[in-house]
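Student: Please take one part of this protein and look at it closely. I would like a single connected account, starting with the whole and then moving to the part.

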Amino acid sequence: MVNAKQTWLKPNNVPKGHVAVYVGDVVKKRFVVPISYLKHPLFVDLLNRAEEEFGFNHPMGGLTIPCNQDAFINLTSQMRAF
């Protein structure tokens, strides 16, 4: 279930209070999530693990998280449950 404001918007259409992130192992999908996620412990852990493994290379021009898209959706679903 994709419901964390994970919309496929054009690059300039990020609503105020949200951030676009690109997620995927090989093919990247664009998700738009609330900025508050950036402080959530689960999201911070994901970002730290991505940094440790891949550094700060963001070829998409935005925040790139090289993880499985299903895992990202599962993680953001857990974050909404809190």
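Tutor: What follows goes from the whole chain to strand β1 and its surroundings, then to helix α1.

The model is predicted. Start with the layout. The protein chain holds 2 helices and 3 strands. Read from the N terminus, the order of elements is β-β-α-β-α. The chain has 82 residues, and 34% of them are buried. About 5,400 Å² of the protein chain is exposed, and carbon and sulfur atoms account for 57% of that area. Now take the contacts between residues at least 6 apart in sequence. Of these, 55% join residues at least 24 apart.

Now the part itself: strand β1. His-18 belongs to this strand, which covers residues 18-23. The strand is mostly covered, with 5 of its 6 residues buried. His-18 has a relative accessible area of 15%. The cut-off for buried is under 20%, so His-18 counts as buried. The side chain of His-18 also has a polar atom placed 3.2 Å from the backbone oxygen of Lys-16.

Next, the partners of β1. One is strand β2, residues 29-34. The two strands run antiparallel and are joined by 6 bridges. One of the pairs is Val-23 with Lys-29 of β2. Together β1 and β2 make a hairpin, and 5 residues lie between them. Gly-24 sits in that turn, with a positive phi of about 155 degrees.

The other pairing to look at is with strand β3, residues 63-65. Here the sense is parallel, and there are 3 bridges. Val-21 of β1 has Leu-63 as its bridge partner in β3. So β1 pairs with β2 in the antiparallel sense and with β3 in the parallel sense, by the rule that pairing takes at least two bridges.

Two of the valines just named return in the core. The largest nonpolar core has 13 residues. Those that touch the most other members are Val-21, Val-23, Phe-31, Phe-43, Ile-65 and Phe-72. At least two core residues come from each of β1, β2, α1 and α2, the last being residues 69-81. The largest share is from α2, with 4 residues. As background, nonpolar side chains in soluble globular proteins tend to be buried together.

Helix α1 is worth a separate look. The helix spans residues 41-54 and includes both Asp-45 and Arg-49. These two are 4 residues apart, about one turn of the helix. Their side chains meet in a salt bridge, at 3.2 Å from N to O. A search of the whole structure finds 1 salt bridge. How covered are its two residues? Asp-45 is partly exposed, at 38% relative accessibility. Arg-49 is partly exposed too, at 46%.

Val-44 is also in helix α1. Its relative accessible area is 30%, so Val-44 is partly exposed. A core member must be buried, so Val-44 falls outside the nonpolar core by that rule. Leaving aside residues up to four places away in sequence, Val-44 touches Leu-38 and Lys-39.

To sum up the part you asked about: β1 is mostly covered, is joined to β2 by 6 bridges and to β3 by 3, and supplies at least two residues of the largest nonpolar core.

Definitions and conventions. Residues are numbered from 1 along each chain as its sequence is written. This is a predicted model: local features need pLDDT of at least 70, side-chain atom pairs count only at pLDDT 80 or more; totals for chains, interfaces and linings use all residues. Side-chain values use heavy atoms; hydrogens and water are left out. Buried means under 20% relative accessible area, exposed over 50%, partly exposed in between (1.4 Å probe, protein chains only). A polar contact is a pair of N or O atoms within 3.5 Å; within protein, one must be able to donate a hydrogen and the other to accept it, and residues adjacent in sequence count only if both atoms are side-chain atoms. Contact means heavy atoms within 4.5 Å. Accessible areas come from the Shrake-Rupley method with a 1.4 Å probe; for residues, only the protein chains shown count as cover. A salt bridge is a side-chain nitrogen of Lys or Arg within 4 Å of a carboxyl oxygen of Asp or Glu. A nonpolar core is a set of buried Ala, Val, Leu, Ile, Met, Phe, Trp, Tyr and Cys residues joined through side-chain atoms within 4.5 Å.
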